Amino acid sequence: MSLRSLPIATLGTPRIGPRRELKFALESYWAGKISEQQLHEDASGLRAANWARQKSLGVTIIPSNDFSLYDQVLDTSAMVGAIPEIYASKGESVSLKKYFAMARGSQCDDQDASCGQSPRGSGAPAQGMTKWFDTNYHYMIPEFYRGQAFRLCSRKPIEEYEEAKALGFQTRPVLIGPVTFLKLGKSADSAFQPLALLDDLIPVYIDVLHELAERGASWVQIDEPCLALDLDEAARKSLLHAYNRFAKEGPAIKIMVASYFGALGDNLNTALNLRVSGLHLDLVRAPELLDQIIAAGRRDLIMSLGVIDGRNIWRSNLSSLRQRLDPAIAKLGRRRVQLAPSCSLLHVPVDVELETGLTSEVKSWLAFSVQKMRELAILGRVLAGDQNVGLALADSERAVTARRTSPKIHDANVAVRMRTIDETMRRRASPFARRSEIQRKRFGLPDFPTTTIGSFPQTTEVRNARAAHARGAMSDEQYDRFLKEEIARAVRWQEDIGLDVLVHGEFERNDMVQYFSEQLAGFAFTMNGWVQSYGSRCVRPPILLGDAVRSKPITVEWWRYAQSLTSKPMKAMLTGPVTILNWSFVRDDIPRSEVCRQLALAIRDEVRDLENAGAAMIQIDEAALREGLPLRRTDWKAYLDWAGDCFRICSSGVADQTQIHTHMCYSEFNDIIAAIAAMDADVISIESSRSKMELLDAFKKYEYPNQIGPGVYDIHSPRVPEASEMKELMVLARTRLRDSQLWVNPDCGLKTRKWEEVRPALTNMVAAARELRAAAYPQNH
């Protein structure tokens with residue numbers, strides 16, 4: 001092996017393209033504007049560009065099958081034939097139509113069996129979706145049942161390996177590991193453990209490994225991030241068993257098992273005893289693993305060292321990494337070491353050089369996917385003894401020092417205010433039982449009151465107006481008038497269909513986090529810093545680089561205008577501090593808990609200003625609260641304590657008659673219900689339609705005292721549910737909670753949907769609530 005550089009791997013790269021080319025291709029295909037063939041050609045072009053980009057940047061171990069048209073876990077379900085019957089599967093290969101029906105649901109008539117049918121005959125709902133470990137990426141939840149059979153139904157990993165090879169790229173194919181895949185799934189039978197299917201699943205993986213080996217693959221990367229979780233003995237034995245079978249029955253292909261997102265802890269021995277050729281470790285989240293593997297690792301095991309942060313955007317201090325890694329590599333031996341990011345680069349934007357709006361100072365602190373690959377290449381050369389990279393090392397160190405000492409980072413006034421936080425700022429004046437009675441009399445709402453989560457469709461007209469205003473083609477007065485007309489139309493329409501509590505639609509907001517961040521000191525923003533959230537949905541996280549400060553009201557005038565148009569309650573809509581934190585790229589020079597309390601003080605000021613302006617209902621969305629939950633239970637309490645503390649700081653300064661709402665996304669509450677209750681929101685809305693109200697079991701078992709709006713309309717799917725379908729979901733909700741607790745609302749905000757979907761869906765939702773009231777309380781109707 002040449003000593004010019006250590007081997008460099010990426011584990012995976014952003015799949016959306018530098019300018020979100022995948023998003024636009026997908027949405028054009030779904031809209032019928034391009035053919036399936038054109039979609040595949042666009043995807044092939046993106047893959048080819050990704051492989052070429054990596055090679056040009058010095059990556060020597062290039063992945064394939066890290067690309068997906070929607071989600072890599074859904075790809076795995078397709079690969080092994082884990083296709084629920086609702087999607088009309090008979091074990092045949094998975095068509096693109098069926099694939100997207102699983103991802104997005106399908107709206108079809110009773111004669112169109114190819115798109116899948118629900119028992120209600122109105123198309124198939126999408127599969128469940130939740131967060132990929134503790135990231136902001138979503139995956140489609142696999143569904144399993146007793147006696148399930150698996151077969152190779154998609155040859156995507158083989159086809160993409162061959163595609164790369166034909167272009168001259170020797171790649172390392174990436175697969176989601178069988179144990180992680182089964183553990184991420186669910187079963188309608190609560191007594192059934194999907195890991196029981198492992199022996200039936202393994203032969204499909206072995207078939208894939210044989211095909212890859214026959215076509216020339218010498219290595220395959222198998223991702224088992226479940227190694228970062230709390231595993232019981234059965235799961236550990238399952239891991240050992242799976243890789244023993246691969247070693248005995250599989251081809252002579254080398255396997256790199258990749259663990260990431262945290263420490264291995266009590267799973268370390270299991271990982272080290274897997275019959276594989278290589279092991280990847282996340283040394284950013286768990287730097288202690290380096291010493292552990294030196295002490296305990298096998299001499300024949302290739303170690304992939306994840307030393308560049310794959311989840312944040314700050315430049316690395318390469319000199320510091322060199323000092324840390326030199327002695328470790330001397331002990332391991334250079335021939336046993338590969339360098340890599342901590343995890344796939346899926347979670348960071350593509351290229352900081354596309355950013356023309358950032359100051360040169362801030363830009364010099366950042367590393368997106370391209371820059372991280374370049375950092376790895378430099379580090380690989382340094383650690384291999386190359387003496388010609390001194391300038392690059394010095395530049396890295398200068399950037400890190402400049403960021404640490406910049407006046408953009410610290411505000412003395414924030415430090416003073418942080419010291420004023422006391423217990424009186426962390427609790428409401430009265431308990432919920434007293435507040436709820438005061439609020440019931442104030443609002444006089446009907447049983448099962450209806451509302452929405454906040455946003456309405458961001459139409460082409462809205463986006464075009466925002467863009468025109470940004471480039472100066474629309475004056476402030478014209479833009480203000482345009483937004484007020486949109487708000488007025490939305491308010492009139494909500495009144496017309498009979499919603500009980502209204503929202504203004506958030507037409508002035510580009511994104512629920514970015515909108516607030518843009519009006520706080522301490523943030524920077526990108527133009528092309530997009531990352532994939534799910535499917536074609538991309539987000540552009542703000543960069544929280546310094547102390548957060550609010551200098552003036554943000555939402556008060558928009559709320560005041562909207563409320564002036566109606567006599568019904570108009571919710572004021574805010575994004576909570578934990579969600580702003582978890583959906584931003586966050587500074588790493590102080591604890592996240594301290595950053596979050598700074599944000600909580602800023603939102604507290606906004607809440608007080610809204611109440612003083614007359615807002616009677618204020619929703620503080622904490623959509624990402626559970627997302628930040630550590631993967632290990634031993635770390636949960638500390639996080640939940642400070643996260644709940646931050647919510648109470650921003651929400652507790654109001655009078656009893658002011659109703660505080662919050663909203664949470666994809667939150668499996670069973671294990672954290674006490675922490676949710678401790679937040680003491682008057683009303684919480686949650687996503688629950690895809691789980692068919694299963695998430696409410698947590699609230700029933702805990703006897704949650706406050707009010708809840710379980711989502712009855714899955715906004716992540718283009719399907720329009722019937723009123724009867726939503727009523728059925730609320731009937732299920734009534735078996736778990738008291739009527740006095742229940743609100744009726746969609747799963748989430750409606751920003752990403754179209755009005756032609758939203759109008760009938762919300763009309764059906766209001767009808768469902770009326771039918772429910774009439775059935776539950778006929779004497780009142």
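The exercises below, each with a worked solution, concern a predicted model of a protein chain.

**Exercise 1. Confidence along the chain**

Find what the mean pLDDT of the chain is, and which stretch has a pLDDT below 50.

Solution. Begin with the chain as a whole, for which the mean pLDDT is 93, while 97% of the residues reach 70 or more. Then turn to residues 109-121, over which the pLDDT is below 50. This stretch still has 32 contacts in the model beyond near neighbours in sequence. Where pLDDT is low, however, the predicted coordinates should not be read in detail.

**Exercise 2. The largest cavity**

Work out how many cavities of 30 Å³ or more there are, and describe what lines the largest cavity.

Solution. The count comes to five cavities of 30 Å³ or more, and the largest cavity holds about 560 Å³ of space. Its lining is made up of 36 residues, and those that lie nearest the centre are D511, M512, R537, W583 and C748. Next, look for the elements that give two or more residues to this lining, which are β13 (531-534), β14 (537-539) and β16 (572-575). Of these, β16 gives the most, with three residues. Finally, sorting the lining of the largest cavity by class yields 16 nonpolar, 12 polar and eight charged residues.

**Exercise 3. The second largest cavity**

Describe the second largest cavity in the same steps, and state which element gives the largest share of its lining.

Solution. About 270 Å³ of space lies in the second largest cavity, whose lining consists of 22 residues, with N65, D66, Q72, V174 and I176 nearest the centre. Two or more lining residues come from each of α3 (72-80), α5 (156-166) and β5 (171-176). The largest share, four residues, is given by α3. By class, the lining of the second largest cavity has nine nonpolar, eight polar and five charged residues.

**Exercise 4. The two sides of helix α10**

Decide which residues of helix α10 are buried and which are exposed on the other side, and explain why the buried ones can be assigned to the same side.

Solution. In helix α10, which spans residues 289-296, the buried residues are L289, L290 and I293. These residues lie on the same side of α10 because they cover an arc of only 105 degrees around the axis. On the other side of the helix, D291 and A295 are exposed. To complete the picture, the cover over the buried residues of α10 includes α9 (268-272), β9 (278-282), β10 (302-308) and α11 (318-332).

**Exercise 5. Two phenylalanines with positive phi**

Locate F133 and F448, and determine whether each is buried or exposed.

Solution. F133 is found in the loop between β2 (129-131) and β3 (138-140), and its phi is near 55 degrees, a positive value in a residue other than glycine. Its relative accessible area is 13%, so F133 is buried, given that buried means under 20%. F448 is found in the loop between α16 (432-443) and α17 (460-470), and here phi, near 50 degrees, is likewise positive in a residue other than glycine. With a relative accessibility of 1%, F448 therefore counts as buried.

**Exercise 6. The surroundings of A9**

State where A9 lies and which residues it touches.

Solution. A9 lies in the segment before α1 (21-30), and its relative accessibility is 0%, so A9 counts as buried. Leaving aside residues up to four places away in sequence, A9 touches V59, I61, R172, L339, A340, P341 and L376. Lastly, compare sequence with space: A9 and S304 are 295 residues apart in sequence, and 8.2 Å apart in space, C-alpha to C-alpha.

Key
Residues numbered from 1 in each chain as written. Predicted model: local features only at pLDDT ≥ 70, side-chain atom pairs only at ≥ 80, totals over all residues. Heavy atoms only, no water. 1 Å grid on protein atoms, 1.4 Å probe; cavity = no way out; pocket = protein on both sides within 12 Å on 5 of 7 lines; lining within 4 Å. Points joined across faces, edges and corners; volume = space filled by probe spheres on them. Nonpolar A, V, L, I, M, F, W, Y, C, P; charged D, E, K, R; others polar. Buried < 20%, exposed > 50% of the residue type's maximum accessible area, 1.4 Å probe, protein only. Arc of directions from axis to C-beta. Contact = heavy atoms within 4.5 Å. pLDDT = per-residue confidence, 0-100.
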